Each structure stands twice: as structure tokens, then as C-alpha cells.
Amino acid sequence: VLMGLGSLQSGNLAQVLQGLVTLLQVTGSFGKPGGGMATLYGNGNYEPLIRSMVKELGLEGIVSINPPTGDVRSVIRDNHIFVYPSPYEPAFSQSILESLGSGRAVVCRKTAGIRKYFREDSILGVMPMNEKNLAEKLSWIIANRSKTEEIALKGKEIILKRFSFENFMSQ
């Protein structure tokens, strides 16, 4: 599980981290060597708070907190689910497009831009982005692995068709 934390504010970190905890609980990965690993990327004023919450929840062995990286290819390759927990309304971020284009399942807010380009069967949209909805979506992903993989592939097809360089040049 890869979580992009770049746009979070400290006010909703507890909700997002609780969604992560829920995902890990559902997979039964607590305390198991090689169990589900969650990788968080981002930094800023909220980083000490996240580290404190991870420690308080006893998740140091399961949750990895990393600074932003330019090695996006490796990060996406090494993770299967991308969670973009922003509560804001940007159309979509580059990291969402990169993850979709790599055939990864993407959980993000159902913004107007997401709804415009992606059908319900091609992205794992959450609306509104809050603890309850994120936890439900993450639990659904774990219970429906093959369906999640189908959704990820449909998202990739849309990226290759609508956002390719060839498509851009033909318009």
C-alpha cells in the first residue's frame, strides 16, 4: 500500500492514518514478518505528528515513512495500491495518473475531474474523503482482490487511451 501524503493537513491525518490502520487490521498483517507493509511518502509540518501516531499505535514495523522521492518508478513498482487521501478538489494529480498508468489500484477522492475521465469500474473513488469512507473502501479492496485488479486494469486502459502522447498529438 502506498499513500501519498503531500497534500494532507494535520487536521485530517488522524482520519487517514485510521484508514491505514483499518486496512492493516483487515489483512491481519499486524506483527507478522513480511506482512502487509504500508509505505508513506511526504514531508512537511505534519511529519512529526505522523511519526508520533505510528509509534503510539505500535506500527513502526509495518509503516514506513519516507521523504518525497524522484524514483517514482521504483515506488510504484513496489506497491500495489495507491491511496491519495486528499480532501481537496484538484482534478487529479500526476501521481494518480502515474499509478493508474502502471496498472495499480488507485483510491482517491471522486473529484469532478476524476468523474469526467474515469468510470466507476476504473478507479476506486471515495466521496467524501473521510475516515469512514476510506476505511470502507480499503476493506472492500482486501475482500475483493480480483475485482480490484480488474478495476486497476481498466484505469490503465483509460490512461493509455486518453492520456498517451499519441492521443495528445492527435487532438
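A polar contact is a pair of N or O atoms within 3.5 Å; within protein, one must be able to donate a hydrogen and the other to accept it, and residues adjacent in sequence count only if both atoms are side-chain atoms. The model is predicted: local features need pLDDT of at least 70, side-chain atom pairs count only at pLDDT 80 or more, and totals for chains, interfaces and linings use all residues. Residues are numbered from 1 along each chain as its sequence is written, and side-chain values use heavy atoms, with hydrogens and water left out.

**Exercise 1.** Describe the surroundings of S122.

Solution.
1. Place S122 in the loop between α5 (112–117) and β6 (124–126); helices (H or I, at least four residues) and strands (E, at least two) are DSSP runs, numbered from the N terminus.
2. The relative accessible area of S122 is 0%, so S122 is buried (under 20%; exposed is over 50%, partly exposed in between; 1.4 Å probe, protein chains only).
3. A polar atom of the S122 side chain lies 2.9 Å from the backbone oxygen of R119.
4. Leaving out residues up to four places away in sequence, S122 touches L100, I151, K154, G155 and I158 (heavy atoms within 4.5 Å).

**Exercise 2.** Analyse the salt bridge of D121 with K154.

Solution.
1. Apply the criterion: a side-chain nitrogen of Lys or Arg within 4 Å of a carboxyl oxygen of Asp or Glu.
2. The closest N and O atoms of D121 and K154 are 3.2 Å apart.
3. The pair links distant parts of the chain, 33 residues apart: D121 is in the loop between α5 and β6, K154 in helix α7 (residues 145–162).
4. D121 is partly exposed at 24% relative accessibility, and K154 is partly exposed at 27%.
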